[in-house]
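Biologist: I'm new to this one and would love a close look at a single part of it, the sheet and what surrounds it. Could you walk me through it slowly?

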Amino acid sequence: MSSEIIQLFQEEQISSIKEIVRVISQKMALPLFLIFWLADWIFAPQLAWYFLLLRLSIIPVILAISLMFKQPVSASKAQFLALILSSYFGLTISIMMMMTGGSTSLYYAGINLVAAGVALIPFTLGFTLLTLAIIVAPFFIMLGFSAYNLNSVSTSLLHSFFVFGNCVVVTVIRITINQIKMAELEARLGLKKEIQSRNLIIKDQAHEASRLKQLSRQFSPQVIQAMSTGTLRLDNKVNRQQICVCFIDIVNSTSRITRIDKDQMDAVISRFMDDTIQSLLQYDITIDKFLGDGIIAFSNAPMKKFNYVDNALLGALKVLEKIQQHRGFYLENWLQE
């Protein structure tokens, strides 16, 4: 079992124990005390007021444990505090049993009730067994003393079977719940890692798509397709390769800057770049760099072509053709050829 799963289990264990103690102290303790005090008036009316004080003595213990839980605690400390609380509940009922007949007392049902409550607390197996042992130990001690009384042996043994059987059931339930919780955490952690892995894949794919989109201004669609399928890879190595270089530039552009409007200048440069790039990429010509209003490009790399010189010439002629097609636009904004 991985340390990550154990850590998750301990974190949820601490949180659950804190919540159980909060519910007991704020919502359950006082109502249960009042209900059981009514039962005290039925089964032990002469001891009812003593039993009420005994029950109320748990309140300072609950408050102290609640204060301790407001500070950071480890999983072991959280279980230890829950053990103290459970054991104190068991101790009060054991005292009531001693005052009302020992192991034959009807209050043994309270021991069973407290022991059953242990199943609700996310103890580890060791803490479960230790807590149950502390809760039921006084009962079995009283059982040993009552063994000398033949009249109470059968009742005591019957009670002991119920107490022991309840402890076995609680232990099995606790083990099963812990196993289910561990399996759930393992599945949750696996799902989390799968989602993270998918997010990384999506992020990488998005980055790759963005990179290819940027490269589409530099390489032809055939090259981009080869890159996306993995049949062509770009690296930073220096390669010796025969290429045909094209340099395309707007003649006398510097002198035109002072004669035409800035918006006209931007419109012409933008149209010129679009016409040039589209024309060159159509013939598998790679755009190398932009130099102001000029472009350097070359053919035969990164994809080799046997007719790369022809492609360079055809691409250049295509640029002239595009400019001729948009001659009216250029004359209107450039104010000359």
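Which residue in strand 3 does Val245 stand opposite?

Modeller: Happy to help! This is a predicted model, so local features need pLDDT of at least 70 and side-chain atom pairs count only at pLDDT 80 or more, while totals for chains, interfaces and linings use all residues. Residues are numbered from 1 along each chain as its sequence is written, and side-chain values use heavy atoms, with hydrogens and water left out.

To your question: Val245 stands opposite Phe298 in strand 3. Here helices (H or I, at least four residues) and strands (E, at least two) are DSSP runs, numbered from the N terminus. The protein chain has 12 helices and 3 strands.

Let's start with the sheet itself. It is open, has 3 strands in the order 1-3-2, and its pairing is antiparallel. Strand 1 (244–249) and strand 2 (286–291) are at the edges with a single partner strand each, so one side of each is left without a neighbour in the sheet. From one strand to the next, the twist averages 20°. Two strands count as paired if DSSP finds at least two bridges between them. In general, strands of a sheet pair through backbone hydrogen bonds, either parallel or antiparallel.

Now take the pairs in turn. Strand 1 and strand 3 pair in the antiparallel sense over 6 bridges. Strand 2 pairs with strand 3 (residues 294–299), also in the antiparallel sense, over 5 bridges. In strand 3, Ile295 is the bridge partner of Phe290, and Gly294 is that of Leu291. The hairpin of strand 2 and strand 3 has 2 residues between the strands, and Gly292 takes a positive phi near 65° there.

Two helices pack on this sheet, where contact means heavy atoms within 4.5 Å. Angles run from 0 to 180 degrees between N-to-C directions, with axes being lines fitted to C-alpha atoms, for helices over the stretch in contact. Helix 10 (residues 262–281) touches strand 1, strand 2 and strand 3, and its direction makes about 5° with that of strand 3. Helix 11 (residues 308–325) touches strand 1 and strand 3, and its direction makes about 10° with that of strand 1.

Your Val245 also belongs to a pattern. In a regular strand the side chains alternate between the two faces of the sheet. In strand 1, Cys244, Cys246 and Ile248 form the covered face, whereas Val245, Phe247 and Asp249 form the uncovered one.

Just past strand 1, have a look at Asn252, found in the loop between strand 1 and helix 9 (253–256). Most residues other than glycine have a negative phi. Asn252 is not a glycine, yet its phi is positive, about 55°. Asn252 is exposed, with a relative accessible area of 52%; buried means under 20% relative accessible area, exposed over 50%, and partly exposed in between (1.4 Å probe, protein chains only). Another positive phi in a residue other than glycine is that of Leu335, near 65°, and Leu335 lies in the segment after helix 12 (327–334).

Finally, a step back to the whole chain. Of the 337 residues of the protein chain, 38% count as buried. Among its contacts between residues at least 6 apart in sequence, 71% join residues at least 24 apart.
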